[in-house]
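Work through the exercises below with the sequence and the model side by side. Try each task before reading its solution.

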Amino acid sequence: MRRLSSLLLVALCLPAAAQDCPYVPGKSLCGLPLDAGRTRFEALLGEPDGELRMGPERTGLLFGNRFLLVMRKDRVEEVHSWSRTNLDFFDQVRNGREDNPLRLTLGDFNPWSRSRQQVGLALQGLQPVAADEFSELRLFGEAQFFIEYGSVSGDPRELGEWSRFQVERIRLRLVP
């Protein structure tokens, strides 16, 4: 019985069960301090599904097919999260966990599956620094939060009401 309860405790704490990686401006990412190193993120999220060398001091850690931590000198510099697996070269990555639901959120606010209008209302205290039909850049202190929207119908050329666009990609750049 003791062994069974230990196994259940371990199963409940598995990283694969994590669905969100919340960013709390100036404080934490995925519940870890912003200065946490790679080993702490791997202890929380599990072993990465892939690793990308991005220069002499940068490494990308791919978790599933929709979440990438970019580390510089053992600290998170950027986080990339996207809604579809057929974006850019990641379509070619076949070793990632398809069912890994890990995604970047803003604290308790989950921008995924929300319209551009809903995201704008939730972030109204932070005016966009730059914006166009398909994207916007907002600042959280020194951190840059870039959101790319896509058409609900899937046609990237479709223009219209903002309510017809949803979050497709998010990039968080942490500036030391």
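The exercises cover confidence, the two sheets, the disulfide, the core and some single residues.

This is a predicted model, in which local features need pLDDT of at least 70 and side-chain atom pairs count only at pLDDT 80 or more, while totals for chains, interfaces and linings use all residues. Residues are numbered from 1 along each chain as its sequence is written, and side-chain values use heavy atoms, with hydrogens and water left out.

**Exercise 1. Find the mean pLDDT of the chain and the stretch where pLDDT is below 50.**

Start with the term. pLDDT is the predictor's confidence in each residue, from 0 to 100. The chain has a mean of 79. Of its residues, 73% reach 70 or more. Residues 1–18 have pLDDT below 50. Beyond near neighbours in sequence, that stretch makes 9 contacts in the model (contact means heavy atoms within 4.5 Å).

**Exercise 2. Trace the strand order in the open sheet of 8 strands and name its edges.**

First, the terms. Helices (H or I, at least four residues) and strands (E, at least two) are DSSP runs, numbered from the N terminus. Two strands pair if DSSP finds at least two bridges between them.

Now the order: β4-β5-β6-β7-β12-β11-β10-β9, with antiparallel pairing. The edges are β4 (50–53) and β9 (130–131). Each has a single partner strand, so one side of each lacks a neighbour in the sheet.

Step along from the β9 end. β9 and β10 run antiparallel, joined by 2 bridges. Here A131 faces E136 of β10. β10 and β11 are antiparallel over 6 bridges, and R138 lies opposite F145 in β11. These two strands form a hairpin with 2 residues between them. In its turn, G141 has a positive phi of about 65°. β11 then pairs with β12, antiparallel over 8 bridges. Y149 sits opposite V167 in β12.

**Exercise 3. Do the same for the open sheet of 4 strands.**

The order is β3-β2-β1-β8, and the pairing is mixed. β3 (32–33) and β8 are at the edges. Each has a single partner strand, so one side of each is without a neighbour in the sheet. Inside the order, β1 and β2 (residues 28–29) pair antiparallel over 2 bridges. V24 is opposite S28 in β2.

**Exercise 4. Locate the disulfide and give its handedness.**

A disulfide is a pair of cysteine sulfur atoms within 2.5 Å. A search of the whole structure finds 1. C21 is joined to C30, with S to S at 1.7 Å. The torsion about the S-S bond is about -95°, so this disulfide is left-handed. Next, check accessibility. Buried means under 20% relative accessible area, exposed over 50%, and partly exposed in between (1.4 Å probe, protein chains only). C21 is buried at 0%, and C30 is buried at 10%.

**Exercise 5. List the residues that touch the most other members of the largest nonpolar core.**

A nonpolar core is a set of buried Ala, Val, Leu, Ile, Met, Phe, Trp, Tyr and Cys residues joined through side-chain atoms within 4.5 Å. The largest has 32 residues. Y23, L29, F41, F67, L69, L104 and L172 touch the most other members. Several elements supply at least two residues each, among them β1 (20–24), α2 (38–45), β8 (103–106) and β12 (165–173). In soluble globular proteins, nonpolar side chains tend to be buried together.

Take L29 as a case. Beyond four places in sequence, its contacts include C21, Y23, F41, L69, L104 and L172.

**Exercise 6. Are P22, A36 and S135 buried or partly exposed?**

P22 lies in β1. Its relative accessible area is 25%, so P22 is partly exposed. P22 and L106 are 84 residues apart in sequence, yet 5.4 Å apart in space, C-alpha to C-alpha.

A36 lies in the loop between β3 and α2. At 3%, A36 is buried. Leaving out residues up to four places away, A36 touches F41, D74, R75 and V76. The C-alpha atoms of A36 and V76 are 7.7 Å apart, with their positions 40 residues apart along the chain.

S135 belongs to β10 (residues 135–140). At 13%, S135 is buried. Beyond four places in sequence, S135 touches R116, A130, F146, I147, E148 and Y149.
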